[in-house]
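I opened the model with the sequence beside it and kept notes on what I looked up, in the order in which I looked.

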Amino acid sequence: MEKTSVLVLIAEDEAEIRNILQDTFEEGGFDVFLVATGEEAISALDGQGESLRAVVTDIKLGGDVTGWDVARHARQLKPEMPVVYMTGTEGSDWAALGVPNSILITKPFAPTQVLTAVSQLLNAANTASPPAPGD
């Protein structure tokens, strides 16, 4: 049986950080779907929702849609969706605005911290629920 790759949505408005995260996740064996705005992230979730396994989002994405909105939308589609937030300034709002069972990482960070956080959430989700029929 062939192992399917895990697709992670990365929403980050800074191209340099987005590219570093892409390299880190691909080296870690993940596939990535990159977007630069909250609006693009919502569209990606609507279009790729079934294949996406985790969301990594900056909180401030430069538009009207924030990372908080992206995460809530992801959880409306998949209540168990792992979410990792990245922020330089918005961490104090996490308790009020963040979704449950998410991880917040403050900038600056090592890219492997984000990869590790996603892996932890995916592992927790996999151990919490039995495999679907046919898995």
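**Entry 1, Lys78.** Working in a predicted model, I began with the contacts of Lys78 and, leaving aside its neighbours within four places in sequence, I found it in contact with Gly49, Glu50 and Leu52. I placed Lys78 in the loop between α3 (67–77) and β4 (83–87). I then asked which side chain of opposite charge is nearest to the buried Lys78. It is Glu80, 5.1 Å away, and Lys78 has no salt bridge; the cut-off for a salt bridge is 4 Å between a side-chain nitrogen of Lys or Arg and a carboxyl oxygen of Asp or Glu. I did find that the side chain of Lys78 reaches the backbone oxygen of Glu50 at 3.3 Å.

**Entry 2, helix α3.** I went back along the chain to α3 and noted its buried residues, which are Gly67, Trp68, Val70, Ala71, His73, Ala74 and Arg75. Looking at what these residues pack against, I listed α2 (38–48), β3 (52–58), β4, α4 (94–97) and β5 (103–106). At the start of the helix, I saw a side-chain oxygen of Thr66 reaching to within 3.2 Å of the backbone nitrogen of Trp68. I also noted a salt bridge between the side chains of Arg72 and Asp69, at 2.8 Å from N to O; these two are three residues apart in helix α3 and are therefore separated by about one helical turn. Arg72 counts as partly exposed at 35% relative accessibility, and Asp69 counts as partly exposed at 27%.

**Entry 3, the other charged pairs.** How many salt bridges does the structure hold? I count four. Glu12 forms one with Lys107, with the closest N and O atoms 3.2 Å apart, and this pair links distant parts of the chain, since Glu12 sits in the loop between β1 (7–11) and α1 (15–27) and Lys107 in the loop between β5 and α5 (111–128), 95 residues apart. Lys107 forms another with Glu14, where the closest N and O atoms are 3.8 Å apart, and here the separation along the chain is 93 residues. I checked the accessibility of both acids: Glu12 counts as buried at 0%, whereas Glu14 is partly exposed at 41%. I noted too that Glu12, Glu14, Asp58 and Lys107 are linked in a network of salt bridges.

**Entry 4, the nonpolar cores.** I next looked at the largest nonpolar core, which has 22 residues, and found that Leu9, Leu45, Val55, Val70 and Tyr85 touch the most other members. At least two residues of this core come from each of β1, α2, β3, α3 and β4. For Val70, leaving aside neighbours within four places in sequence, I listed contacts with Gly38, Ala41, Ile42, Leu45, Val55, Thr57, Leu61 and Val65. Apart from this core lies another, of 20 residues, among them Phe30, Ala54, Leu115 and Leu122.

**Entry 5, aromatic pairs.** My last search gave two aromatic pairs. The rings of Phe25 and Phe30 have centres 5.5 Å apart and planes at 65 degrees, so I entered the pair as edge-to-face; Phe25 is buried at 0% relative accessibility and Phe30 is buried at 10%. The rings of Trp68 and Tyr85 have centres 4.7 Å apart and planes at 55 degrees, so this pair is tilted. Because Trp68 lies in helix α3 and Tyr85 in strand β4, the pair ties together parts that are 17 residues apart in sequence. Trp68 counts as buried at 5% relative accessibility, and Tyr85 is buried at 0%.

How values were computed:
Residues are numbered from 1 along each chain as its sequence is written. This is a predicted model: local features need pLDDT of at least 70, side-chain atom pairs count only at pLDDT 80 or more; totals for chains, interfaces and linings use all residues. Side-chain values use heavy atoms; hydrogens and water are left out. Helices (H or I, at least four residues) and strands (E, at least two) are DSSP runs, numbered from the N terminus. Buried means under 20% relative accessible area, exposed over 50%, partly exposed in between (1.4 Å probe, protein chains only). Lys and Arg count as positive and Asp and Glu as negative; His and the chain ends are not counted. A polar contact is a pair of N or O atoms within 3.5 Å; within protein, one must be able to donate a hydrogen and the other to accept it, and residues adjacent in sequence count only if both atoms are side-chain atoms. Contact means heavy atoms within 4.5 Å. A nonpolar core is a set of buried Ala, Val, Leu, Ile, Met, Phe, Trp, Tyr and Cys residues joined through side-chain atoms within 4.5 Å. Rings of Phe, Tyr and Trp (its six-membered ring) pair if their centres lie within 6.5 Å; planes under 30 degrees apart count as stacked, over 60 as edge-to-face and the rest as tilted.
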